[in-house]
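Visitor: I would like a close look at a single part of this model, taken slowly and with the details kept together.

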Amino acid sequence: MQKVLLFILFIVFSTASFSQTISGFVIDSINGEPLPGANIIDLASKNQCASDSKGFFRFKVHSNATISVSFIGYKPFSKSIQIKSDTVISIGLKIASTTLQEVSVSGTSSANNPQQVTYLNSTKITKIPSMLGESDVVKMLATTPGVKQVEGQQGFNVRGSSQDQNLILYDEAIIYNCSHLLGMYSVFNTNAVQNVSFYKTGIPARYGGRLASAMIIEGNGGSMNHWDNHASIGLLASNLSFSGPIVKDKCSFSLSARRSYIDKIILPIIHHYIDNSISDYKNGYFFQDFNAKLIAKLNNNNKLELSTYIGDDTFMLSNPKNELSNDLKWGNEAASIKWRHLFNDKLSCSQSLAWSRNFLEYKVGQYMYTMDMKTTIQTLRFKSDWLLLINDNPLRFGVEAMKHTYNPNNIDAKVKEISLDFGKSTTLQALESAAFIEYTVNIGTKLSIIPGMRYSLFTQLGPYTSYESNAVGKTIDSILYASGKPVTTYSFPEPKLTASYVINGNNSVKTSATYNVQYNHLIPIISSALPTDMWLPSMKGIKPQKAIQIAGGYYKTKPKYTFSLEAYYKKMYDVSEAAGTMLNFYDSKDISTVVAQGKGEAYGAEISFEKIVGKCTFGISYAYSRSFRTFETLNYGKTFPTKYDKPHDLSITGSYQISKHWSISSLFSYTSGVNLTMPVSRYFIQNNIINVYGSKNGYRMPAYHRADVAVKYILTDKSRFQSDLTLSVSNIYNHHNPYYMYYIISGSLKEYELKVEMQKVYLFPILPSLTYNIHF
Amino acid sequence: MKRIVEIVICLLLFVSCKKQEVPITNQIVIDGHIDAGGLAYVFISHTTDYESVVDTSNYYKVIETKAKVTIWTDDAREVLILSRDLRFFPPHFYISNSIRGKEGKIYHLEVIADGDTITAQTTIPAKMDVQNVRFERDQDDSTKGLIWLGINDPADQTNYYRAFTRTYRKQDQFYATHLSVIDDASFNGKYIEFPLYRGLQTNTDKKLDFRFPVGDTVDVKFCTMDKASFEFWTGYEREMLNGGNPFGADGQNLKSNINGGIGVWSGYGVSQYRVIAK
């Protein structure tokens, strides 16, 4: 072996006991960062386990144990250890080959862990070509079955749920919109991400407030003992990050910044050469974000973390010929502080306080109208999370409290310079709190069960005026609630149960049943793909959303490959949709009337196979899934498919290490088209053309498919300096995937000649990109 | 750093367009109204395939000229006759000869066309007197301005209003103002003044100013209507604003009061005034 694979860093603790339990951490030997999802096996007893999101593991072993640790992308480690008492060790793994920061699916939970969780970290394993030279967590997640990303859309959809039903925490702060630039990039700069835990089923009781999934991101806080700096220069975006120790082994930091400059370089070229002949539309956009994190190790038992994130997007679309303009700016701001404390080897806790804000400003102009709309949500969140080991079984419990402030609709509309009255802007406030407990019970060596319970409470607070209406909709009374006074309170117990049964060492079946409640609602204001949405609380007239999900699957984990087959059924209650349109807002003093609520149903099956070791690695995943809604007040009460009801979803990834310097990776994805509500015919009323729209989401756009390829050439590979050049080509066969369809009208009724033409808007044609990366 | 390589390869076609077919439906469309003191007008047409071209070659396929149209109230009944007036589009419509609208009465409509029977009913509410009508010049451009109306809204009921204007000697018919439809939800039982914006004649016409030029003589028709008419016309105005904007369309059909077809049959209580823009 050319390099040292392991070092046992310290033996912290041992007691005189006869039960031999080994516990400890699996870490990266270079930067000391935890490796979640590593597989640890005692070859003597055949017992095994996987490291959790902190890299921690604990399991019973033979006294003459041979511990073998494997983790994708790292060189495997194996050593015989005589264990006479309970032992705590740290195992440092060495990266298999020189890699740069790229996100990859780094593993899933092992056979005997009931939790079905996907871990990602910033170390490269399975390469997927990065869109425009930037690798991305959400793009990576979208290659796993059951997770869909619609091109040009914000966020992602998990198993037939809308994108607001995903809980996204970045260093404990809630991120309300995780997308940049029409979903091309997520807001998470890969350099600023340490690791990601993603739950699409059996969400643990400690995470709540969303129906579909939980994506828990830990920011990169830098290494306590060495510098790790990275710069990339691409055609469309550049990225710079620094991280390292401030005081060795005591304090570290990380700073990352990104900005796209498509507006500075590419758009002027397009406009100069192409625009006039192709389209009347002019568009432009850019995004920027900044992450910073500081970690201070106060002593062996106390650690403090400070983290912040600021990012925003600007998007413009205009058609000077039609005097039409749309301007959008949206973004997130977040800051958090977290204190981790270790009481002893059995009890630890973390306390965190996080603040985050999401905003959207939308300006639309058409002919002589201008409308300026602003919507924001901000949340202050406190969480106290405790972990107690009882007979080696973890018991987790704690509390969570959040204060939400919403400004859903701040509208300023004008005709020329004359202001139209859209009433006062609304500010809403709410308190959300929860207590949770979950315990892992091992019955024998084969069966593990995690029962969990979350009890959540949500209170809408004043100031608020509630209006009482009579049978004909006439306001007859109003009740004024003073500031801080409770208006409405909802509370629900949310039971959860996950279980796994190990058939033999590599084969297992897992199942889960969960009940989740979501108190915040994202209401799309218009049916566009842009983030023109507003957040509203559950309040008088808007009930919390609820979901029951039952899922189960078969999993096979071999050293060289993994296989999984899963199925799920989900029933949702009081899910929300927009009842009207932006222009209805001024009619309604009561903002709750903009929300329609109904039932939802989603079901599907997912299969995936991954070859994870060797020069050539690949993965295939396919999901069949359906997602429907039934609302009394929408689509004449008839059940309709959701916009993102895309029955077929196939994704194939592959990578090949050609030589020490050259590697190639590819991605092919195919999904059914999204559903739109389209006009099916038209008529005239008083000289004007009126559309007759077909059934809601009744028109399916053509299927979406695309292939991406990336070739990487390592220029320098020294221990202190690495550099590479990556050429990636997105949509290599230049398939025109329609993003939006609409009609334009020409001619005039008065002149007895009128034409209507459907237009399809394509977003991304073949997009080559060259990125130069350095790592020092 | 050793070197930075930047090669700009750019074959970007960010937005391009192509045609696509959509299915066809065929429904009968009614655009009918009866003003207090006025005759009943009923325009009948058919919905068309979304992408079909409307011109003189297919005019008679779109416009219904072979229908039997009957209106009645508690004390009168009349079959309307087909008439033609080039001021309107479509120029063919059915008109009453003897029945004129009266406040407080319910008017029934029956249309038999292509073997289908279509029915509707509307009420003409009591008219609303306008307390104050005036022209106010624009602060930035003193050659133009808006017309302001002041009304005393009654408190005991929900009222629905719609405004039309006609510029004397320049326009040969009344056109709905821009954002012509309003209910009293935000001013029930109060005195309110609101501006009238000059209406576009059609949504394919994009050059009209929303202000009235100084020197024009403007006839204002201020109408009351029932809830069903209000709901239709509110949706209609939303469609006017958003229908053509790919980011604004909401995919909701207009709420019609026509049984067996689409469109609207509206009764209006009418107050009419003349304002000189000066």
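How many residues of domain 1 of chain B are in contact with domain 2 of chain B, and how many residues of domain 2 of chain B take part?

Guide: The model is a predicted one, and in it eight residues of domain 1 of chain B are in contact with seven residues of domain 2 of chain B. On the domain 1 side, strand 1 (28-35) and strand 10 of chain B each supply at least two of the residues that touch domain 2 of chain B. By residue class, that side of domain 1 of chain B divides into one nonpolar, four polar and three charged residues. As for the bounds, domain 1 of chain B covers 28-123, whereas domain 2 of chain B is made of two segments, 130-246 and 268-276. The centres of the two domains of chain B, taken over C-alpha atoms, are separated by 24 Å.

Strand 10 of chain B, which spans residues 116-123, deserves a further step, since it can also be followed into a sheet. Five strands of chain B form this open sheet, in the order 6-5-9-10-18, and their pairing is antiparallel. At the edges stand strand 6 (76-79) and strand 18 (258-259) of chain B, and because each has a single partner strand, one side of each is left without a neighbour in the sheet. Strands of a sheet pair through backbone hydrogen bonds, in either a parallel or an antiparallel sense. For strand 10 and strand 18 of chain B the sense is antiparallel, and the pairing runs over two bridges. Within strand 18 of chain B, the residue that stands opposite B:Thr119 is B:Asn259.

One backbone detail in chain B may also be worth checking. B:Leu179 has a phi near 55°, a positive value in a residue other than glycine, and this leucine lies in strand 14 of chain B, which covers residues 175-183. With 22 other C-beta atoms within 10 Å, B:Leu179 is buried, the cut-off for that class being 20 or more.

Chain A offers a counterpart for this backbone detail. A:Tyr636, also not a glycine, has a positive phi of about 55°, but the place of A:Tyr636 is in the loop between strand 41 (616-630) and strand 42 (640-641) of chain A. A:Tyr636 counts as exposed because it has 11 C-beta neighbours inside 10 Å, where the cut-off for exposed is 12 or fewer.

Definitions and conventions: Residues numbered from 1 in each chain as written. Chains lettered and ligands numbered in written order. Predicted model: local features only at pLDDT ≥ 70, side-chain atom pairs only at ≥ 80, totals over all residues. Pairing = 2+ DSSP bridges. Helix = DSSP H or I, 4+ residues; strand = E, 2+ residues; numbered from the N terminus. Domains from an automatic or database assignment. Contact = placed C-beta atoms within 7 Å. Nonpolar A, V, L, I, M, F, W, Y, C, P; charged D, E, K, R; others polar.
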